[in-house]
Amino acid sequence: MTLGVEKTKIALVTGGSSGIGFAIACELAAQKNSILLVSNQAAQLQQCKTEIENRYAVQCFILNIDLTLSSSAQQIFDYCTANNLETEILVNNAGMLVFSETAAAAIEKVNAILQLHIYTPTMLCCLFGAEMKSKKRGHILNVSSISSVMPYPGISLYGPTKTYLRYFTRALRSEMKEYQVNVTCLLPGATATALYDPKRINISLAKKLGVMHPSEFVASKAVKALHHRKAECIPGLANKITMWLMPLLPSFIIELINRKTNLLDKGNQSLA
Ligand SMILES: NC(=O)c1ccc[n+]([C@@H]2O[C@H](COP(=O)([O-])OP(=O)(O)OC[C@H]3O[C@@H](n4cnc5c(N)ncnc54)[C@H](OP(=O)(O)O)[C@@H]3O)[C@@H](O)[C@H]2O)c1
């Protein structure tokens, strides 16, 4: 009888090369998980790999792939199979911000955000979820946003795609419970990361004022929630309150603010 080669168990983090994703990868590496970082900038990935391996003495694999491609989830799954990697923790974190009227957004950006926030994470949950189901173990962490409760102008693509992810995660959680696979949704509020254009937003001031949380704070709450098999994690009291209050805001006030402030790009280009 031939014995199979033991697989390397990993935590897979999409968008793991910066911000919340990198902080989650560090948190998991500190707990002695081997890591697979997936994103689309080779040099940045290499730098993160070196940092994780030096800091936490765990193996860190990297995969440079554009997650807006419809083949990307299958490519990641095939990479894991070919390299004998078993994904014990899947973190669907990669994301982008489009701050613009939908009708003014570049069509490639519209396609990209739909693929990145909806198609690819769903496919990754299908592929790795099936593996976890058959093994009766594993964790999935999907990164939504507190804006999932805010269908507001300017984030008409961002908010609702995060709403999909939140409700998909909740339904998947119920399905996977039977197979002992945990599924958690992270709903961060404003977090100091590269998601924001520093020319438009003073990130260090926002951090000082406590309006934005550091990504390490968000990551630590997220990983704790994952291990405690929580349904949802909203880091920070103000964000929890915001999620309760925002849906109560009448739409005429939102429309008034939109008309009077002129914050949005109404021209031909997307600002994100
Ligand atoms: N920051 C916030 O205030 C906030 C609030 C709520 C929710 N979130 C969510 O948190 C998640 C992480 O965002 P972040 O704030 O940490 O921003 P970030 O620092 O910009 O990180 C986004 C990550 O996604 C990757 N990514 C983007 N487009 C990609 C693509 N086409 N293919 C592969 N990778 C891609 C980026 O990789 P590259 O750098 O290599 O492109 C990066 O690693 C996102 O889902 C975001 O929506 C953030």
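This report describes strand E6, its neighbouring strands and the cysteines of a predicted model.

## Strand E6 and its surroundings

Strand E6 covers residues 182–186, and 5 of its 5 residues are buried, so the strand is largely enclosed by the rest of the structure. Burial extends to both faces of E6. On one side lie Asn 182, Thr 184 and Leu 186, and on the other Val 183 and Cys 185.

## Pairing with E5 and E9

Strand E5, formed by residues 139–143, runs parallel to E6 and is joined to it by 5 bridges. Within this pair, Ile 140 is placed opposite Val 183 of E6. Between the two strands the chain passes through helix H5, residues 158–177, and the resulting β-α-β crossover is right-handed.

E6 also pairs with strand E9, residues 232–233, in the parallel sense, through 2 bridges. Here Leu 186 stands opposite Cys 233 of E9. Leu 186 is itself one of the buried residues of E6.

## Cysteines without disulfides

The structure contains 0 disulfides. For Cys 125, the nearest cysteine sulfur belongs to Cys 126 and is 7.1 Å away, whereas a disulfide requires two cysteine sulfur atoms within 2.5 Å. Cys 125 is buried, with a relative accessible area of 3%.

Cys 233, the residue of E9 opposite Leu 186, is likewise in no disulfide. Its nearest cysteine sulfur is that of Cys 185, at 9.3 Å. Cys 185 lies in E6, on the side of the strand that also carries Val 183. Cys 233 has a relative accessibility of 8% and therefore counts as buried, the limit for this class being under 20%.

Note on methods. Residues numbered from 1 in each chain as written. Predicted model: local features only at pLDDT ≥ 70, side-chain atom pairs only at ≥ 80, totals over all residues. Heavy atoms only, no water. Buried < 20%, exposed > 50% of the residue type's maximum accessible area, 1.4 Å probe, protein only. Helix = DSSP H or I, 4+ residues; strand = E, 2+ residues; numbered from the N terminus. Pairing = 2+ DSSP bridges. Right-handed = clockwise from strand over helix to strand, strands pointing away.
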